[in-house]
Amino acid sequence: MMIVVTLTSYPKRIHKVKEAIERFLKTQTVKPDRFYLWLSEAEFPNKEQDLPATLMRCLIDNHIILQWLPNNEYCHKRWAVYPTHFEDTVIAIDEDQFYPPNLIEECLNKIKEDPNRILVVARTEFKKWTFNSYLPVEALTEETNIDTPSFCGQCCFPPRTFPLEAVETRNIWIRDMLTPKCDECWLLPWIIKTHKYHIGTIDALNDYDVCEDALYTELRSYDLTSWKENKFEVLYKVIKKIGALEEARQCFGEGYSAPPENPKPLVALSLYWGPE
């Protein structure tokens, strides 16, 4: 089994990639066996010639595998690492984050404890908000903080846990129609449909300031409540489209249904849903 790190970027953030790679590789107590950078030819039409010279030198010096995709698939690009690395441990990182030095080490330790537990980070910066939830659970309260899995650049898929249906060509048109930019809204429904795995947290990340100040500024520029409400709408549409409503109700309860017109602020799904 290999340890694989996957990263993607785009023109607005490409200047961050060199520093992110060097910082990550320098600080990790356990080093990855493979490190991929996924970019889109649609965003960099001249490919390597459009990249900073310092980045190209960094990729060569650190044996980073640069892969080009013809279309701009946004954050979905990072999951092109599948199906090639289905038998390996895959960790997704972002170029605008700081990571604890024991990230890979902790992921491997958690995989030893439970090889079927997909590891994510709890988006703690959202917990100070109360959201309208469309994912009911048994014990609902009127004022409860959101707690939902985040599959962006802070997650780890142990070997054989990634839902390969999410990268099959026959399903990509659904992804591009319903959630072309959000991999969380795409991956979670497929994990629900397969209904095989637990979801747990990467504790090192939950207690670590992973976000740069610029990212916090970016987050504050949005109406987070509206963003989350829209996210749950998209989740429902994907779950329904791929035929996973029955599995979703097993996870979230029989009451799981389309978002109501006037939803009440309720609790969202637990990080530890799924069969025991």
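This report describes the fold, the packing and some backbone features of one predicted chain.

The model is predicted, and local features are given where pLDDT is at least 70, side-chain atom pairs count only at pLDDT 80 or more, and totals for chains, interfaces and linings use all residues. Residues are numbered from 1 along each chain as its sequence is written, and side-chain values use heavy atoms, with hydrogens and water left out.

**Overall fold**

The chain contains nine helices and seven strands, taken as DSSP runs numbered from the N terminus (H or I of at least four residues for helices, E of at least two for strands). Of its 276 residues, 52% are buried, where buried means under 20% relative accessible area, exposed over 50%, and partly exposed in between, with a 1.4 Å probe and protein chains only. Among contacts (heavy atoms within 4.5 Å) between residues at least 6 apart in sequence, 85% join residues at least 24 apart.

**Cores and helix α5**

The largest nonpolar core, a set of buried Ala, Val, Leu, Ile, Met, Phe, Trp, Tyr and Cys residues joined through side-chain atoms within 4.5 Å, has 34 residues, and those with the most contacts inside it are W79, V81, Y82, F157, F162, W186 and L187. The elements giving two or more residues to this core include β2, β6 (149-157), α5 and α8 (224-241), and α5 gives the most, with seven residues. A second, separate core of 29 residues includes L37, L39, I91 and L119.

Helix α5 (residues 183-194) has twelve residues, which at 1.5 Å a residue should span 16 Å, and its end C-alpha atoms are 17 Å apart, which agrees; the expected span is 1.5 Å times one less than the number of residues. Eleven of the twelve residues of α5 are buried, among them W186, L187 and W190.

**Aromatic pairs**

The structure holds ten aromatic pairs, meaning rings of Phe, Tyr and Trp (its six-membered ring) with centres within 6.5 Å, where planes under 30 degrees apart count as stacked, over 60 as edge-to-face and the rest as tilted. F44 and W68 form an edge-to-face pair, at 6.2 Å centre to centre and with 70° between the planes. This pair links distant parts of the chain, with F44 in the loop between β2 (34-40) and α2 (53-61) and W68 in strand β3 (residues 65-69), 24 residues apart. Both F44 and W68 are buried. Elsewhere, ring pairs link W79, Y82, F157 and F162 into a cluster.

**Strand β2 and Y36**

Strand β2 runs parallel to β1 (residues 3-8), and five bridges join the two; strands pair if DSSP finds at least two bridges between them. L7 stands opposite L37 in β2, and six of the seven residues of β2 are buried. Y36 lies in this strand and is buried, with a relative accessible area of 7%. Leaving aside neighbours within four places in sequence, the contacts of Y36 include V5, L7, I65, V81 and H85. The C-alpha atoms of Y36 and I65 are 4.7 Å apart, although the residues are 29 apart in sequence.

**Backbone exceptions**

Most residues other than glycine have a negative phi, and most peptide bonds are trans. The peptide bond from Y82 to P83 is cis, with omega near 10°, and P83 is placed in the loop between β3 and β4. Two residues with positive phi are listed below.

| Residue | Phi | Loop | Relative accessible area |
|---|---|---|---|
| K47 | near 55° | between β2 and α2 | 30%, partly exposed |
| H63 | about 60° | between α2 and β3 | 67%, exposed |
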